[in-house]
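Work through the following exercises with the coordinates open, and try each task before reading the solution beneath it.

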There are 2 protein chains.
Amino acid sequence: MEIVSILLMLLVLFVLARIGNRIFEHFGIPGLIGEILVGILIANIVIGGDTLLDFLDIEIPAPGSDHAGTNYSVLYAAAEIGVIFLLFSVGLETKVKELLGVGKSAMLVAILGVVIPFVLGFAYIEFTDSNFHHAMFLAAAMVATSVGITARVIKDMHLMDKLGSKIIIGAAVIDDVLGMIVLAIVKGVAGSDGGMSIMGVVQVIVVACVFVLAAILFAKTVVPKIYAWNERRVKKARDEGKTPSSVNMLALALIVCLFMSWLAESIGLAAIIGAFLAGMMFAEHAWEWKLEQKFETITSVFISFFFIHVGMQVDLGDLGSTAVIISAVAVIVLAVLGKYIGCALGAKIGDKSISKDSCNIIGIGMVPRGEVGIIVASIGLNTIVEGAPALSSSLYAIIVVMAVATTIIAPPILSKLYRKKYPPEYTITANDKI
Amino acid sequence: MEIVSILLMLLVLFVLARIGNRIFEHFGIPGLIGEILVGILIANIVIGGDTLLDFLDIEIPAPGSDHAGTNYSVLYAAAEIGVIFLLFSVGLETKVKELLGVGKSAMLVAILGVVIPFVLGFAYIEFTDSNFHHAMFLAAAMVATSVGITARVIKDMHLMDKLGSKIIIGAAVIDDVLGMIVLAIVKGVAGSDGGMSIMGVVQVIVVACVFVLAAILFAKTVVPKIYAWNERRVKKARDEGKTPSSVNMLALALIVCLFMSWLAESIGLAAIIGAFLAGMMFAEHAWEWKLEQKFETITSVFISFFFIHVGMQVDLGDLGSTAVIISAVAVIVLAVLGKYIGCALGAKIGDKSISKDSCNIIGIGMVPRGEVGIIVASIGLNTIVEGAPALSSSLYAIIVVMAVATTIIAPPILSKLYRKKYPPEYTITANDKI
């Protein structure tokens, strides 16, 4: 247990992430891409036989391994906590009423955005290597949207209150739930016990839906009652001339955030879904308690480690042969087109009056797969079917590249589409300058 | 690598820490004591053969072991980062000019507060078990003040701007440096190479002094120049009608904090010394960039894990026999008296005009040994002299109890002394209520 080694790791990674961030921001590209690229570079550039990861004593454990070194454990926890806090922040800006308001469109965007990429991914593998389990896992990895990436782009541009943004976030949440259900089914079917029962599939679907709906219902009905009760309590104490005992709202928010993340993870969903729903419970009064700015501060400390960690998991060495490269390009094209067409179509069907620009924003906003695709890939690599992993190592590398590529491709296009639809205010200020 | 297990640990520990904190605060005792007690309880209460630590999958590694489980690694990092951020926050409130203003008194408080406890500790062991190395390590553990504990009491009472507080913080910093020098010497003498050379001792002293003085000099002369240069840069850009590129001050502060902590640790001092000095570099303009409130938010997330970790390391089972208990009581009494007399005397000699109340505050404020004493004890246990640890396991337990006891005894007395000297404002407000 060497604190000096942990401090050096955190220092070097944070400095490099800031440098990557600033360079990309300088060219008008979202800084998170710079942070992911820093992650890829430090894991893959070898100098004198060592990468920077070796120098920093970060040992990425083999897929499925339970053992990790101290530094990797700390980095992994910081990355996971970072994305959990990010999703909580996103939740803080998502009021239940507004989420339910975009419900139909978001639902259609999510469903078509899951079905079309799944079908395309499955068909591609069936036509090329025709391995059923490969096809199922690639299809599942094509499904899940990484709302974290898109959310940060939208937050950086301060456009969280636009209709398109709300639909993207709403759809991404539903999409995450659908993605988890698909993953659970695929994993269940591939499982060594020789197939999943109908009851098992139904159970996974029911658990996911109940969790999300219960959280939304709780935020809509119970939370306002707790708040009203607290108001009465404070008023009563004041009327009696006492100082009302105050609640540390930051501590309460942290506890609810950790609890919901843990709960989501332990019932088989992703922790980030729980974090998002937890944030939503505080959304109505977040400004009052300065929760948004406090969580923004905390998130800014952690989130760079998440993006570095996403990049770090890419091993460029797996992408040597021409066949693999061609396959990777094909998968990337299918992943982008499938999500774009599915989601834009869903938005148009959901709301005929929606503009073409908004459809484009929604379609592109849903493209990034980020960490979710990578998680699916690593589960595939660790699921053993008839003595072999359900996913080949080259297909694993392809999925990771697809997840990273969609994550890198989408944000700049999304930024441009947003800029086109909502010209930045500072241009006006500059022209109107007295 | 199970995020669900990490989340559960963070959730349970944070909730218990908050409960402990609120219960103690309710009775007017600083909440951190509740957090330390929670740590002691969860490590020592056994239900059905398991402690809560086992349930949470936290395995405290054997002293000197390099291997730790994922959950302990994460907890350890959170605790260390917490105390580093706390000391950075303390540094943010310590302006260089003011620190140098209390220089003479603080220096005398520190020196007498080191010499008297060291002599008492050494003499006690020489007269009882007369083992030279035992005596040296106990004496070294009696020396170092845990500025973190006292700083939090002072911060919680919003009395950081008082003269007594400044002297305590200033003296605790010098004291930490002196403590580290003493530790380095003791460790060097006990080292298996059979004694430390005079050159080695001189080197340790020189490194510590140069580091601290260089940081203070940097904060006093270079930092204002950087600030003035930045002001000119921003003004020039504005005059030319451009938007000046802004620096993310939180990111910069984090980088400097991590860098100084790492640097201090790697040259053999404690990370917290570096963090404190880093904070001091930003003190002059901290309010302008809202650094204080941002770091307070971040610190509040981490710091509970530090106090829980301090408590967790106490194994009550080591304290079975009457002889050990008597010895523990004697050591506690000597630790409290030695520090109190040394520091109060130092304050009086340093400034004849100082009030008796302020001398008492300074004497008691320097009593807590906290984590520093525990660190010294664990180093003693891991230093092998002539085939045996330099510290016996019962003496190790005694030192830990002494560190915890001084930490528990001092804050309530300190609170009372402060309340006596500075009656809280809300009493006045309540009486004057219209």
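**Exercise 1.** Locate Lys290(A) among the helices of chain A, and decide how exposed Lys290(A) is.

*Solution.* Lys290(A) sits in the loop between helix H12 (271-282) and helix H13 (291-312) of chain A, where helices are DSSP runs of H or I with at least four residues, numbered from the N terminus. The model is a predicted one, in which local features need pLDDT of at least 70 and side-chain atom pairs count only at pLDDT 80 or more, while totals for chains, interfaces and linings use all residues. Residues are numbered from 1 along each chain as its sequence is written, chains are lettered from A in the order in which they are written, and side-chain values use heavy atoms, with hydrogens and water left out. The next step is accessibility: Lys290(A) has a relative accessible area of 48% and is therefore partly exposed, since buried means under 20%, exposed over 50% and partly exposed in between (1.4 Å probe, protein chains only). Finally, the backbone shows a phi near 55 degrees for Lys290(A), a positive value in a residue other than glycine.

**Exercise 2.** Carry out the same steps for Lys290(B).

*Solution.* Lys290(B) is placed in the loop between helix H12 (271-282) and H13 of chain B. Its phi is near 55 degrees, again positive in a residue other than glycine, and a relative accessible area of 47% makes Lys290(B) partly exposed.

**Exercise 3.** Is Asn71(A) buried or exposed, and which residues does Asn71(A) touch?

*Solution.* Begin with the position, which is in helix H4 (residues 70-92) of chain A. Because its relative accessibility is 4%, Asn71(A) counts as buried. Once residues up to four places away in sequence are set aside, Asn71(A) touches Ser5(A), Ile6(A), Met9(A), Leu56(A), Asp57(A) and Ile58(A), with contact meaning heavy atoms within 4.5 Å.

**Exercise 4.** Describe the interface of chain B and chain A by its area, its residues and its polar pairs.

*Solution.* The two chains bury about 4,100 Å² between them, 76% of it on carbon and sulfur atoms; buried area is the accessible area (1.4 Å probe) that two parts lose on being put together, summed over both. The contact takes 48 residues from chain B and 48 residues from chain A. A search for salt bridges (a side-chain nitrogen of Lys or Arg within 4 Å of a carboxyl oxygen of Asp or Glu) finds zero across the interface of chain B and chain A.

Terms used:
Helices (H or I, at least four residues) and strands (E, at least two) are DSSP runs, numbered from the N terminus.
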